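Welcome! Here is a short briefing to help you find your way around this structure. Have a look at the sequence and the model first, and then follow the points below.

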Amino acid sequence: MVSQNIAIVDYGMGNLRSVQNAIEHLGGKPVIVANPLELTAYGKIILPGVGAFGQAIGCLHRTGLDVALNQCREAGAHILGICLGMQLMCSFSEEDGIHEGLNWFAAQVTRFLPDLGLSIPHMGWNSVDFISEDPILAGLTSGSDAYFVHSYYVHCEDPTDVLASTEYGLRFSSMVRCGNVLGVQFHPEKSQEFGLGIIRNYLEMPC
Amino acid sequence: MLKKRLIAVLILRDGQVVQSVRFKHTNVIHYDAVHAMETFNKWAVDEIVILNVSRDVASREKFAKVIERISCHCFVPLTAGGWITNDAYAQKLLLSGADKLVVNTALADDKQLVCRLALRYGRQCIVASMDMKRDSSGHTKIAVDRGSRLIDVRPEAWACMAVELGAGEILFNSVDHDGARKGYDLESLKKVCEAVTVPVIAFGGVFTWSHLVEGIKAGASAVAVANLFHYTEQSTRKAKTYLADSGVFVRKQGQCLAPMKAK
């Protein structure tokens with residue numbers, strides 16, 4: 001049973017349409033929500049995002065969406081952060097200075113070091129290696145490729161939060177979970193059957 | 001491990017997919033771009049680039065509509081370009097569902113536009129398309145405005161300038177090699193790949209799968225094909241299999257195909 005009660009948070013950053021298209025393709029009915037007062041009505045909330053961390057967290061503060069998201073999280077809503085959305089859930093980011101995040105994960109966001117000789121951003125298809133079992137991974141194969149675009153990566157202090165990792169010069173957390181909060185570094189909405197599988201599993205989670 | 005990408009390019013003129021030969025577009029391949037895209041989506045293609053090559057600026061609105069229709073079915077990254085001459089149209093393409101924007105003539109005529117787009121949407125969103133063209137003495141120049149205007153600059157210098165302006169990726173093409181079935185312009189491709197650290201997509205001239213391997217060996221992070229994919233059944237899958245068998249790490253239907261031969 002696919003949940004119909006899904007909000008995509010619109011805080012002025014990133015391509016909402018791709019996420020919306022993927023959910024609709026799977027039979028869900030996503031609603032773009034920019035008003036924090038409306039957000040608390042949803043049992044499933046997707047926090048997308050492409051862009052700079054500082055600007056994004058600033059938008060969440062200014063709009064009051066950060067307060068609303070915290071309320072939703074405490075009320076037990078399943079919140080899925082995608083790419084920058086996952087990074088915003090961490091304690092802090094080193095992107096252009098130090099910025100505090102939502103602090104749902106004891107984790108820091110760090111830039112890939114250019115001296116590893118790899119091009120930055122990390123862009124393209126890379127393997128997602130599962131570390132623990134979770135309903136979000138049901139029916140999917142460890143080592144499948146997903147589409148990544150990012151210059152900063154998440155490092156979790158608590159290894160039990162890490163669902164999957166990916167290697168690019170070093171190993172970073174590509175999927176995290178803490179209670180009802182999930183984060184994915186790659187773009188599931190752009191990762192063909194593997195990514196759509198993750199979104200389907202998310203939609204099928206009981207509220 | 002990060003995989004090498006296989007990219008399908010759709011060349012559109014007035015909303016229809018056309019074949020491109022030395023930047024001339026006469027042969028309509030698919031009536032509908034959505035149909036072409038659905039075919040690629042089912043197969044193992046890693047990314048789709050869609051270019052509006054119409055000579056008429058009025059084609060812009062129709063092209064944005066095509067992007068909107070295509071993006072509903074597209075679950076790999078979608079890159080769009082052609083006639084991006086202002087901020088508003090760039091935003092329109094992104095809102096229509098494009099993930100990345102291709103700029104070409106703006107690199108010559110409106111460098112500030114490229115800077116602004118990179119600042120606003122991030123470098124990862126900006127793909128600098130550059131077209132090689134040899135003059136009558138065989139000297140390689142950069143062609144802009146749909147291949148019609150030549151600029152006397154070395155390809156590697158042009159690529160570096162594009163990256164400085166904010167491009168996060170280079171789409172390399174050659175007017176002489178386009179549709180000529182002799183493979184990529186490897187000489188210039190190598191120079192460009194060596195000059196920049198951003199990923200380079202090789203494009204223009206693929207006729208056999210071995211041309212793809214040549215592009216990767218020249219240093220490209222991704223290899224792109226247009227015409228050939230339309231004429232071969234299961235073509236993207238065959239191309240992926242050939243690349244994997246040649247020792248190139250590629251994604252195949254969510255899994256990494258282990259190379260069978262040493263590189």
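A good place to start is I6(A), which stands opposite K44(A) in β3(A). Please keep in mind that this is a predicted model. From that pair of residues we can move out to the sheets of chain A, and then on to the place where chain A meets chain B.

**The sheet of nine strands in chain A**

- The pair I6(A) and K44(A) belongs to a neighbourhood where strand β1 (residues 6-9) and strand β3 (residues 44-47) of chain A run parallel, joined by three bridges.
- α6(A) packs on this sheet and touches β1, β3, β4 (78-82), β8, β9, β12 (170-178) and β13 (181-184) of chain A.
- The direction of α6(A) makes about 145 degrees with that of β3(A).
- Follow the sheet across and you meet nine strands in the order β2-β1-β3-β4-β13-β12-β11-β8-β9 of chain A; the sheet is open and its pairing is mixed.
- At the edges are β2 (30-33) and β9 of chain A, each of which pairs on one side only.
- On average, neighbouring strands of this sheet are turned by 30 degrees against each other, direction ignored.

**The sheet of four strands in chain A**

- Chain A also has an open sheet of four strands, ordered β6-β5-β7-β10, again with mixed pairing.
- Its edge strands are β6 (99-100) and β10 (152-156) of chain A, and each pairs on one side only.
- Strand β5 (residues 90-93) and strand β7 (residues 105-111) of chain A run parallel, with three bridges between them.
- Two positions help you to locate this pairing: C90(A) stands opposite F105(A) in β7(A), and S93(A) stands opposite V109(A) in β7(A).
- On the way to the edge, β7(A) pairs with β10(A) in the antiparallel sense over five bridges.
- Within that pairing, A107(A) stands opposite C156(A) in β10(A).

**Where chain A meets chain B**

- The contact draws on 29 residues of chain A and 35 residues of chain B.
- About 2500 Å² is buried between chain A and chain B, and carbon and sulfur atoms give 51% of that area.
- On the chain A side, M123(A), W125(A) and Q192(A) lose the most area to chain B, together 29% of what that side buries.
- Between the two chains there are 15 residue pairs in polar contact, counting pairs with both residues at pLDDT 80 or more.
- Five elements of chain A give two or more residues each to the side that touches chain B: α1 (16-25), β8 (122-130), β9 (144-150), β11 (162-168) and α6 (192-204).
- β8(A) provides the largest share of that side, with six residues.
- Sorted by kind, the residues on the chain A side are nine nonpolar, 14 polar and six charged.

**Salt bridges**

- Side chains of opposite charge can pair when their charged atoms come close.
- Over all chains, a search of the whole structure finds 20 salt bridges, and the count between chain A and chain B is three.
- One salt bridge links the side chains of R17(A) and E68(B), at 3.9 Å from N to O.
- Another is formed by D99(B) and K190(A), whose closest N and O atoms are 2.9 Å apart.
- D99(B) lies in the loop between α3 (87-95) and β6 (100-103) of chain B, while K190(A) lies in the loop between β13 and α6 of chain A, so this pair joins two chains.

Terms used
Residues numbered from 1 in each chain as written. Chains lettered and ligands numbered in written order. Predicted model: local features only at pLDDT ≥ 70, side-chain atom pairs only at ≥ 80, totals over all residues. Heavy atoms only, no water. Contact = heavy atoms within 4.5 Å. Buried area = accessible area lost by both parts, 1.4 Å probe. Salt bridge = Lys/Arg side-chain N within 4 Å of Asp/Glu carboxyl O. Polar contact = N/O pair within 3.5 Å; in protein donor to acceptor, adjacent residues only side chain to side chain. Nonpolar A, V, L, I, M, F, W, Y, C, P; charged D, E, K, R; others polar. Pairing = 2+ DSSP bridges. Axes fitted to C-alpha atoms, helices over the stretch in contact; angles between N-to-C directions.
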